[in-house]
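Got your viewer open? Load the model, switch to cartoon, and let's take a walk through it.

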Amino acid sequence: WVTVDNTNVLQHSTSEAWKFTRQPDGLYTIHNAGGLAMTVANSDGTNGNNVFLSELTQDISQKFRVRKNTDGTYAVLSACSDFYGGLDVFEISKEDGANICQWMYWSGDGQKFILNRTEAPVVTGDINADMSVTAADLRLLIEYLTAVTDTLPDRKNADIDNSGTVN
């Protein structure tokens, strides 16, 4: 499991829920329950850069690509490393308190994460999945229905009348 000590991201034997929020560019920001975002120190691809929590700034140091591995685990690759580096349990430790840092991705055991989806609350009409219904959701629905875009961040929330279709 991944947890936090103060603002440092660590491995721990107890679970913590993390919210992966898809951004318009297709990348993800990763937040804890308090809304703080995982952030790679120094905003570059240097091996060993610490991963910590900070206020969301939309900086490249807070954006990640999530890639499913063939064994069912996931790699979490950082945009600030041009996706060459990703989250890594330091020294492939299995101990509580092991630091999570960034390291060049090589498919090592310390870079494989198990992501379990938790059921998010359905906010009918919240098509962009930001947990509120605003004009931005209406704009996105119109773009989808008029074929300007062919994807929706949350199709379930776009089923306004529970008919099983986007409407």
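We'll start with the whole chain and then pick out residues stop by stop.

**The overview.** Keep in mind that this is a predicted model. In cartoon view, look for 1 helix and 10 strands. Colour from the N terminus onwards and you'll read β-β-β-β-β-β-β-β-β-β-α, so to speak the helix is the last item in the pattern. Turn the C-alpha trace about its principal axes: the span is about 50 × 35 × 30 Å.

**The surface.** Switch on a surface next. About 9,700 Å² is exposed, and carbon and sulfur atoms supply 52% of that area. Of the 167 residues in the protein, 37% are buried. As for contacts with a separation of 6 or more, 42% of them link residues 24 or more positions apart.

**The main core.** Now hide the surface and select Met38, Val51, Phe64 and Leu87 as sticks. These are the residues with the most contacts inside the largest nonpolar core, which has 15 residues. Add strand E5 (37-40), strand E6 (51-54) and strand E9 (85-89) to the selection; each supplies at least two residues of this core. In soluble globular proteins, nonpolar side chains tend to be buried together.

**Zoom in on Phe64.** Which residues is Phe64 in contact with, leaving aside its neighbours within four places in sequence? Show Leu27, Tyr28, Ile30, Met38 and Val40, then Val76, Leu77, Ser78, Ala79 and Leu87, and you have the list.

**The other core.** Apart from that large core lies another one, of 6 residues; select Ile127, Leu141, Leu152 and Val166, which are among them.

**A charge over a ring.** Go to Arg65 and Phe83. The charged end of Arg65 sits over the Phe83 ring, 3.8 Å from the ring centre. While you're looking at rings, how many aromatic pairs does the structure hold? The count is 0.

**The cysteines.** Last stop: select Cys80 and Cys101. A disulfide is a covalent bond between the sulfur atoms of two cysteines. Here the disulfide count comes to 0. For Cys80, the nearest cysteine sulfur is that of Cys101, 12 Å away, and Cys101 is likewise in no disulfide. Are these two buried or exposed? Cys80 counts as buried because its relative accessibility is 10%, under the 20% cut-off. Cys101 is buried too, at 1% relative accessibility.

Note on methods: Residues are numbered from 1 along each chain as its sequence is written. This is a predicted model: local features need pLDDT of at least 70, side-chain atom pairs count only at pLDDT 80 or more; totals for chains, interfaces and linings use all residues. Side-chain values use heavy atoms; hydrogens and water are left out. Rings of Phe, Tyr and Trp (its six-membered ring) pair if their centres lie within 6.5 Å; planes under 30 degrees apart count as stacked, over 60 as edge-to-face and the rest as tilted. A charge sits over a ring if NZ of Lys or CZ of Arg is within 6 Å of the ring centre and within 35 degrees of the ring normal. A nonpolar core is a set of buried Ala, Val, Leu, Ile, Met, Phe, Trp, Tyr and Cys residues joined through side-chain atoms within 4.5 Å. Buried means under 20% relative accessible area, exposed over 50%, partly exposed in between (1.4 Å probe, protein chains only). Helices (H or I, at least four residues) and strands (E, at least two) are DSSP runs, numbered from the N terminus. Contact means heavy atoms within 4.5 Å. Accessible areas come from the Shrake-Rupley method with a 1.4 Å probe; for residues, only the protein chains shown count as cover. A disulfide is a pair of cysteine sulfur atoms within 2.5 Å.
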